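Student: I am new to this structure and would like to go through it by question and answer. Please show it to me.

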Amino acid sequence: HGGLSGLGFTADGRYLVSISSTEDGFRVWEPATGKEVARLATPVQTAALAPDRSVVFAADGKLRVWEPLAGGRV
């Protein structure tokens, strides 16, 4: 429903993380099936996957760290 501000695969290549500045927030997808496997509905101003792709760094007025496969904030 909104534009993507980030997109990347997890380190093992099994999942795709999409990041949106709208209410869609972060989503984790299983590309082989097209299923959404995790979601954190938090709009952010900017975000990026860590170099090892294990966490997402995001800013929405505060710096936040999210473990997409664990489904929670660090």
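The dialogue below goes from the whole chain to single residues.

Student: How should the model and its numbering be read?
Tutor: This is a predicted model, in which local features need pLDDT of at least 70, side-chain atom pairs count only at pLDDT 80 or more, and totals for chains, interfaces and linings use all residues. Side-chain values use heavy atoms, with hydrogens and water left out, and residues are numbered from 1 along each chain as its sequence is written.

Student: In which strand is confidence highest?
Tutor: pLDDT is the predictor's confidence in each residue, from 0 to 100. The mean for the protein chain is 75, and 80% of its residues reach 70 or more. Confidence is lowest in strand 8 (residues 72–73), at a mean of 54, and highest, at 84, in strand 3.

Student: How many helices and strands does the protein chain have?
Tutor: Helices (H or I, at least four residues) and strands (E, at least two) are DSSP runs, numbered from the N terminus. From the N terminus on, the elements run β-β-β-β-β-β-β-β. The count is 0 helices and 8 strands.

Student: What is the order of the open sheet of 4 strands, and which are its edge strands?
Tutor: Two strands pair if DSSP finds at least two bridges between them. The open sheet has antiparallel pairing and the order 1-2-3-4. Each edge strand pairs on one side only, and these are strand 1 (4–9) and strand 4 (35–40).

Student: Which residue stands opposite Ile-19?
Tutor: Ile-19 is found in strand 2. Strand 1 and strand 2 run antiparallel and are joined by 5 bridges. The residue opposite Ile-19 is Gly-6.

Student: Why does Ile-19 count as buried?
Tutor: Buried means under 20% relative accessible area, exposed over 50%, and partly exposed in between (1.4 Å probe, protein chains only). Of the 74 residues of the protein chain, 34% count as buried. Ile-19 is buried because its relative accessible area is 1%.

Student: Which strands each supply at least two residues of the largest nonpolar core?
Tutor: A nonpolar core is a set of buried Ala, Val, Leu, Ile, Met, Phe, Trp, Tyr and Cys residues joined through side-chain atoms within 4.5 Å. The largest one has 11 residues, among them Ile-19, Leu-40, Val-56 and Ala-58. At least two residues each come from strand 2, strand 3, strand 4 and strand 6.

Student: What separation do the C-alpha atoms of Ile-19 and Leu-40 have?
Tutor: Ile-19 and Leu-40 both belong to the largest nonpolar core. Along the chain they are 21 residues apart, and their C-alpha atoms are separated by 9.7 Å.

Student: Which side chains of strand 6 point to the buried face?
Tutor: Side chains alternate along strand 6 (residues 56–59). Phe-57 and Ala-59 point to one face and are not buried. On the other face, the buried side chains are Val-56 and Ala-58.

Student: Which residues are bridge partners of Ala-58?
Tutor: Strand 6 pairs in the antiparallel sense with strand 5 (residues 46–49) over 4 bridges. It is also joined by 4 bridges to strand 7 (residues 63–67), again antiparallel. The partners of Ala-58 are Ala-47 and, in strand 7, Arg-64.

Student: Which residue in the turn between strand 6 and strand 7 has a positive phi?
Tutor: Strand 6 and strand 7 form a hairpin with 3 residues between them. The phi in question is about 105°, and the residue is Gly-61.
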